Amino acid sequence: LVERMRAYGETVFAEMSRLAAETGAINLGQGFPDTDGPRSLIEAAAGRIRDGVNQYPPGPGRPELRAAVAADRAERFGTEYDPDGEVYITVGATAGIAASVLAMVEPGDEVVLFEPMYDSYAAVVSLAGGVRRPVPLRPGPDGRFTFDPAELRAAVGPRTRMVVVNSPHNPTGTVLTRAELEEIAAVCREHDLIALTDEVYEHLLFDGAEHVPLASLPGMRERTVAVSSVGKTFSVTAWKTGWVMGPAPLVRAVQTVNQFLTFSANGALQLAVAEAVTGEREWVRGQREALQAKRDRLSDGLDRAGFGVLRPQGTYFVMADVRPLGFKDGLELARTLPRTAGVACVPAQVLYDRVEEGRHLVRFAFCKRDEVLDDAADRLVRAFA
Ligand code: GLN
């Protein structure tokens, strides 16, 4: 293994899923739903495969899907992208993020990221030979995680090339407000930075929270690569179908790299998704409402068990402070919880460069059937309360 990747072992999601399987624990670690996406989407994909859509699609993706996601962005946010040259289909958001960082970050370039951060960001910055400059997200008195603009500005220097912005945010569930995004945009404009936005939870918003794409703010479209995917929107996390949108020169850079990573993504799934993007809006609305109720269901359970619950505004995840239970270290708790309580979670500290910031936090996924959430809550209450 190359030296720059030696710090990376098995991902925490894989470790905790394995532990859950070994112990028979309820797996609230890795974020994936335990029910299927819209029936019509699944039938459409199966139908396309039966119809013989089984050879390479064009490298940039099926034109139907590029047109569909561009039209959807324009309609929802007013940002226009040319499906030919400004939209590029990837093997999930993961490949879009990796290709973008590899295409734009030179060895020694600095990348500003908000921590805790989704695990692939750190690894791909390392792969590119870049240097991470973390900015902490911390909970305010209302339990909502946010950043200090002064800490953001202090993280930016002459070698900064890129800022990575994930909203709605995994694992904290924060949905950045327009004002917070304006702060980030101002820094990007002043220092001529590229913004890489990870918007995979763009539809999973609660309590009326609004998703604002960074690219929709003044002066940002020309410097932003926006990444999203279908896994979370349609509860099909195995489909690994995503996209990158941005100005043509940046998308061309992504394409140059990605053509040698995956070349293309699954064509039959792309055709099915192209129809669902507008055809299944009602399903997505229902899913959003269901998830909000699930957030409350699990948060209330964690609260009863004695965790310090930090209620999210979006995503699949709720963060919990383990200190009220008498623990100091979330990693220790996460490694024992499957055996002691029969529930698996994810220790948040592994998603920080500065581990101390998140030592006491664990993340639970609530994208599960109600009876599963109730069973998990009962087990935690029995173990701790
Ligand atoms: N996004 C999922 C999570 O945060 C995990 C995906 C993965 O296992 N790489 O739980």
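The legends below describe several views of one predicted protein model. Residues are numbered from 1 along each chain as its sequence is written. Because this is a predicted model, local features need pLDDT of at least 70 and side-chain atom pairs count only at pLDDT 80 or more, whereas totals for chains, interfaces and linings use all residues.

**View 1. The whole protein, with its 12 helices and 15 strands.** Helices (H or I, at least four residues) and strands (E, at least two) are DSSP runs, numbered from the N terminus. The C-alpha trace spans about 55 × 55 × 45 Å along its principal axes. The radius of gyration, taken over C-alpha atoms, is 20 Å, which agrees with the value near 21 Å for a compact globule of 385 residues; the globule rule is 2.2 Å times the number of residues to the power 0.38.

**View 2. The annotated segment, residues 25-380.** UniProt lists this segment, in an unreviewed entry, as "domain: Aminotransferase class I/classII large", and such annotations may be inferred rather than shown by experiment. Over residues 25-380 the chain is 40% helix and 17% strand, with the end C-alpha atoms 11 Å apart.

**View 3. The open sheet of 7 strands, with mixed pairing.** The strand order is β2-β10-β9-β8-β7-β3-β4, where two strands pair if DSSP finds at least two bridges between them. Since β2 (87-90) and β4 (131-136) stand at the edges with a single partner strand each, one side of each is left without a neighbour in the sheet. Neighbouring strands of this sheet are turned by 20 degrees against each other on average, direction ignored, the axes being lines fitted to C-alpha atoms.

**View 4. The β3-α5-β4 unit, which is right-handed.** Helix α5 (residues 119-127) lies between β3 and β4 in this β-α-β unit; right-handed here means that, with the strands pointing away from the viewer, the path from the first strand over the helix to the second runs clockwise. Strand β3 (residues 110-115) runs parallel to β4 and is joined to it by 6 bridges. Leu 113 has Pro 134 of β4 as its bridge partner, and Glu 115 stands opposite Pro 136 in β4.

**View 5. The open antiparallel sheet of 4 strands.** The order is β11-β12-β15-β14, and the edge strands β11 (308-310) and β14 (346-347) each pair on one side only. Between β12 (residues 317-321) and β15 (residues 361-365) there are 5 bridges, and Val 318 has Phe 364 in β15 as its bridge partner.

Terms used: Axes are lines fitted to C-alpha atoms, for helices over the stretch in contact, and angles run from 0 to 180 degrees between N-to-C directions.
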